[in-house]
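This report looks at a model of a complex, its contact between chains and one strand in its interior.

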2 protein chains.
Amino acid sequence: MGNINIKNLNVKNIAIKARQASKKIASIASGTKNVILLRVANLIEQKKEEIINQNKLDLKNARELLSENKISQSIFNRLLLTEEKIFAITAGIKNVASLPDPVNKILWGMELDDGLELYRVSSPIGVIGVIFESRPDVIPQIASLAIKSSNVVILKGGKEAENTNRVLFELINTVLIDSGLYPENTINLIYERDDVNTMLKMDTEIDLIIPRGSNKLVKFIKQNTSIPVLGHSDGVCHIYFDEFINLEKALSILIDSKCSYPSACNSVETLLVHKTTAREYLPKIVEKLFENNVEIFGCKRSQSIVPSIYAMKDDNWNKEYSELKISLKIVENIESAIEHINTYGSGHTDTIVTESNENALLFMNYIDSAGVYSNASTRFADGFRYGFGAEVGISTNKIHVRGPVGLEGLVTYKYKLFGNGHISSEFSGKSGKVFKHKLLAVD
Amino acid sequence: MGNINIKNLNVKNIAIKARQASKKIASIASGTKNVILLRVANLIEQKKEEIINQNKLDLKNARELLSENKISQSIFNRLLLTEEKIFAITAGIKNVASLPDPVNKILWGMELDDGLELYRVSSPIGVIGVIFESRPDVIPQIASLAIKSSNVVILKGGKEAENTNRVLFELINTVLIDSGLYPENTINLIYERDDVNTMLKMDTEIDLIIPRGSNKLVKFIKQNTSIPVLGHSDGVCHIYFDEFINLEKALSILIDSKCSYPSACNSVETLLVHKTTAREYLPKIVEKLFENNVEIFGCKRSQSIVPSIYAMKDDNWNKEYSELKISLKIVENIESAIEHINTYGSGHTDTIVTESNENALLFMNYIDSAGVYSNASTRFADGFRYGFGAEVGISTNKIHVRGPVGLEGLVTYKYKLFGNGHISSEFSGKSGKVFKHKLLAVD
């Protein structure tokens, strides 16, 4: 018990020092940050043997846990760092260095009065807690995004990657400390599961929590903290085949959305088919899915056309399979498709396949999801594919950021008001001055 | 007990129907929304006698509660609706009608490939819960902002304004229903305190909670919901008199910030004075504050220069007085001023008074608050003064919106991707297509 208290105290101390550090690093110049990032990339390159050796230790322990069924094969697989993966890590860091600085951008400006100018300027969020599972490449990825956006991070990695996480963390921290520009606790690594619970309570020290892992992890975190959480728990994406389709195009989008990476959150889970299209094409659609080894769970109406598919049980329409399975439903019209998606979807990404421009717009206006597509695969929902350069994660939140999140999701803004002795009471009353409220051109 | 269950069920039903309504009103055209707003303003104007009569009922009940000390004088005062106040309400609604539509604006666009175009488009948040105290003018204000931004609202007003709230709510709802365009439950009014607790648990139906009221109310809500909360609990604003000041300008800013409306959250609570300035000017600063009936609670060092002020006890530097009182501290230099504000401030609004441009920029870069000002009164922190046209409230959140919140705070965005059969696997592998990632000019 004493031991647990000491541990909690440590995480509390880390969070308090992290908050202090955040105030100090908010205004480090873009050029400096980029030099630091390149140094981090170089040091990781230089020390790749050491990293691989530490990773071997983790793999050895993990192999035992795997043989005892204490971890899954997929966790084991994601643990492995090869020389190629380390190359990808350093390339990623260099890419972050090459992106524009998200901080200190003038977003908006207004002249309130002669000599009284108001600017909305992007600024770091402050302290960000990132909770992730076994993949150790999250550390350099998130650390580099944090350095670029002038945020402090507290990283909680998986126990099974402890040695790899520690060496990566220490290499990055060495560069920061040796620069003489960054205070200690700019990046922080914590290890224990108990520490997460302490972290979730530090709502005056931590501004944002980003969980990266299973739905279970994300849900647990959302329910146990008053700190804003950026992430998505479910990814129940839909494709709707409208009344007016080009079958070849439709099937190509369907197979890409379902089969190119079934465990990704942006893979499709439910196919809705307009009754006219179903009557005409359902056997061909099912045949194509079968060819691609997809199991189909269909509504009664679809089963009556194609009896070879499984029955959808218990109206389980919000199921996220994350494997080669799909739900299938025939709908009366586009309105019922929209209603189905808004009811059972998770607000991630949904696509209409249609040759009708009008229907595409109707679908895209009324579906309330982060991504609403026409005639494109759901798999495009990704920060790199959107052109953000780097991805923090995907958000199904309604506020702050929605959809794939790039560096922009790691900044907020502040209002800077430049005056020359201006006071508010001059502007009150009938004979008071009137605000100019003239928009300033900003770039 | 049975009764309470039925009531809770009702709020649950309201929230579920509100969610459904939110999907239906997301795309109502700008012109239509503005016509509806003007109709609401006209109907309130027509029915002003009825409103005043209902208000008299509330005032009568409140007078009794006041005499029994069950409500405060300030709650009683805010309850009163006069003909002038009703005029101000309708003028406010007409003003909201005149503002640009915040929904369906293209915020950003990128060409991903030939024929594959991605747009970030502003969209309503969905269902917003607003919890406020006695002021009945909140209902038309928030309802008009909700109509303009195509959001559904659930309003919980103070019990003491029940009759006034009900008549205002019914007038607005009549216009919405009579139009034939808005489903029931587009605006909703709930009455009971118990209902708030139910509301705070409806995290799949409600997207955002906006509490407008005491610090206590805001804190209670933040701690009892996993729904994002937009608001501010404290407003501990600072003024720092730098080493290089023009005394006259400094005093004018100080008195405006402290005395023009002491109970406002953007009034100053703490004055920090550079030691050189203190040595030169402190007696004059104190004299000016005394002239304006401000009580001063100073650090030991300031007391030694001006013994007539009170002593600051228990280092109570995060005190929000909300009346004619101020904390006073002498600081060594600008760095200690920044550290003090970042430690004890509430991230609302802080001002430096200085003739040094360099110090102004240093202060504005390193203070981590929603508003960082140079040579201007803290009282400018207000949506109308910032030129937003309408104010939802002021946010000290770090994410989503920060500072005064206009209509922009009531919208989010979605990504619309227009393709023509595009699939992601074409872009993978060494021989895959390369994304164009060409920014599209948007207005």
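The text below covers confidence, then the contact, then one strand of chain B.

The model is predicted. For the complex, the predictor gives an ipTM of 0.89 and a pTM of 0.89. Chain A has a mean pLDDT of 92, with 98% of its residues at 70 or more. Residues 1-5 of chain A have a pLDDT below 50, and this stretch has one contact in the model beyond near neighbours in sequence.

The contact draws 60 residues from chain A and 60 residues from chain B. Elements that give two or more residues to the chain A side include β1 (106-113), α10 (247-259), β13 (371-376) and β16 (411-422) of chain A. Of these, β16(A) gives the most, with eleven residues. By class, the chain A side holds 24 nonpolar, 24 polar and twelve charged residues. β16(A) also pairs across the contact with β13(B), as the table shows.

Strand β7 (residues 237-241) of chain B is largely enclosed by the rest of the structure, because five of its five residues are buried. Cys237(B), Ile239(B) and Phe241(B) lie on one side and His238(B) and Tyr240(B) on the other, so that both faces are covered, given that all of them are buried. Together with helix α10(B) and β8(B), β7(B) makes a right-handed β-α-β unit.

| Strands | Bridges | Direction | One partner pair |
|---|---|---|---|
| β16(A) and β13(B) | five bridges | parallel | Lys416(A) and Val372(B) |
| β7(B) and β8(B) | five bridges | parallel | Tyr240(B) and Leu272(B) |
| β7(B) and β12(B) | four bridges | parallel | Tyr240(B) and Ile352(B) |

Note on methods
Residues numbered from 1 in each chain as written. Chains lettered and ligands numbered in written order. Predicted model: local features only at pLDDT ≥ 70, side-chain atom pairs only at ≥ 80, totals over all residues. Contact = placed C-beta atoms within 7 Å. Nonpolar A, V, L, I, M, F, W, Y, C, P; charged D, E, K, R; others polar. Pairing = 2+ DSSP bridges. pLDDT = per-residue confidence, 0-100. Buried ≥ 20, exposed ≤ 12 C-beta atoms within 10 Å, placed from the backbone. Right-handed = clockwise from strand over helix to strand, strands pointing away.
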